[in-house]
Amino acid sequence: EGWDNMTHEWMEYFRAPDTNIDKALQYPSMESNECISTCPDTKGVMTFCLWKVPITMTMTGFQDFIDRFTRGYATSKCYAVDAAMGNQNLDPRGYARSVINSANGRNPGYLDAPMLWFVHHHVTDAEGWAKTMDNLATKISKCENPSDVKGVEFEEGYGCPFSLMLGEKDVVCLWSAPEGTTREKFLEAVGRFTNGATLDIPYEINDEYSWNVANLAEDNYSIDVLKWAKSTKRMNMKTIAGVGAVAYQNINITTQ
């Protein structure tokens, strides 16, 4: 109830007739931070967000901010983002535009596929993961164009518009999937992709209530993946330049 009341308060602010993008960016509880993507799951128990923060922000400082921002209605786990792929079109103004449109019933959702899944890959077999990524990079590096990457990287019907590297043992991704894909079928596909080197925690995303996902594109992700695969170092994919970047997951707490 507390979480629902808080989000209703947000929507009232962004729905106001005098709210434009500049006013939206000044939403008081965001303090000096800027959110660029929000993706809730379909069951209302998890929300994934990506934030741009001042370069001087510490993890402790960000955790304190998120706890203030969520007002105790969620348990939040924060991660520093080391590198990202597919984030070219994610920016604060696009996010603000998306929230305003959503508050006024104009959210188009994700446009490249019928379903979105969020998955947290926790590496449990470092050697196996490194081998899997090396083999994948070798195959993708033979592609001539970004448009060739999807068919090489993923099974038919699956794709990825967005991926974040969170240290050496954690990766979070948004996957696209065919209509009607169940949790079990999705986990099977992910397991074949990772070759069992990760513990995978999936959430089906409610894209109609997600913000800034319409600005994600699998073509942009493929551009970054091809650059990574052809790089001799194969590291430090496209980062968000000039700022710190932090991802966090909310697990909503039911309040009476």
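Helix 7 (residues 183–194) lies across strand 5 (115–123), strand 7 and strand 8, and it runs at about 140° to strand 8. The model is a predicted one: local features need pLDDT of at least 70, side-chain atom pairs count only at pLDDT 80 or more, and totals for chains, interfaces and linings use all residues. Residues are numbered from 1 along each chain as its sequence is written, and side-chain values use heavy atoms, with hydrogens and water left out.

Some terms come first. Helices (H or I, at least four residues) and strands (E, at least two) are DSSP runs, numbered from the N terminus. Axes are lines fitted to C-alpha atoms, for helices over the stretch in contact, and angles run from 0 to 180 degrees between N-to-C directions. Contact means heavy atoms within 4.5 Å.

**The sheet**

Five strands form an open sheet in the order 4-6-7-5-8, with antiparallel pairing. Two strands pair if DSSP finds at least two bridges between them. Strand 4 (83–85) and strand 8 (198–205) are the edge strands, and each pairs on one side only. On average, neighbouring strands of this sheet are turned by 15° against each other, direction ignored.

Look at one pair. Strand 6 (residues 159–165) and strand 7 (residues 170–177) are joined by five bridges in the antiparallel sense. Glycine 159 has serine 176, in strand 7, as its bridge partner.

**Two histidines in strand 5**

Histidine 120 is found in strand 5. Histidine 121 has its place in strand 5 too. Are these side chains buried or exposed? Buried means under 20% relative accessible area, exposed over 50%, and partly exposed in between (1.4 Å probe, protein chains only). Histidine 120 is buried, and histidine 121 is buried. Each also makes a polar contact with an aspartate side chain. A polar contact is a pair of N or O atoms within 3.5 Å; within protein, one must be able to donate a hydrogen and the other to accept it, and residues adjacent in sequence count only if both atoms are side-chain atoms.

| Residue | Relative accessible area | Side-chain polar contact |
|---|---|---|
| Histidine 120 | 6% | Aspartate 170, 2.7 Å |
| Histidine 121 | 2% | Aspartate 200, 2.7 Å |

Not counting residues up to four places away in sequence, histidine 121 touches several residues, including Cys173, Trp175, Val190 and Leu199.

**Glutamate 34 and the largest cavity**

Glutamate 34 lies in strand 1. It is partly exposed, because its relative accessible area is 33%. Leaving aside neighbours within four places in sequence, glutamate 34 is in contact with Leu50, Trp51, Lys52 and Pro92. Its C-alpha atom is separated by 9.0 Å from that of tyrosine 95, although the two residues are 61 residues apart along the chain.

Glutamate 34 and Tyr95 also help line the largest cavity, and Phe14, Met30 and Val99 are among the other lining residues. On a 1 Å grid over the protein atoms alone, a cavity is a set of points where a 1.4 Å probe fits but cannot get out, and a pocket is an open set with protein on both sides within 12 Å along at least five of seven lines; lining residues have an atom within 4 Å of a point. A search of the whole structure finds two cavities of 30 Å³ or more. The largest has a volume of about 90 Å³. Grid points are joined across faces, edges and corners, and a volume is the space filled by probe spheres set on the points. Helix 4 gives the most to this lining, with four residues.

**The second largest pocket**

This pocket holds about 560 Å³ of space. Its lining has 33 residues, of which Trp3, Thr7, Pro40, Tyr209 and Trp211 lie nearest the centre. Helix 1 gives the largest share, six residues.
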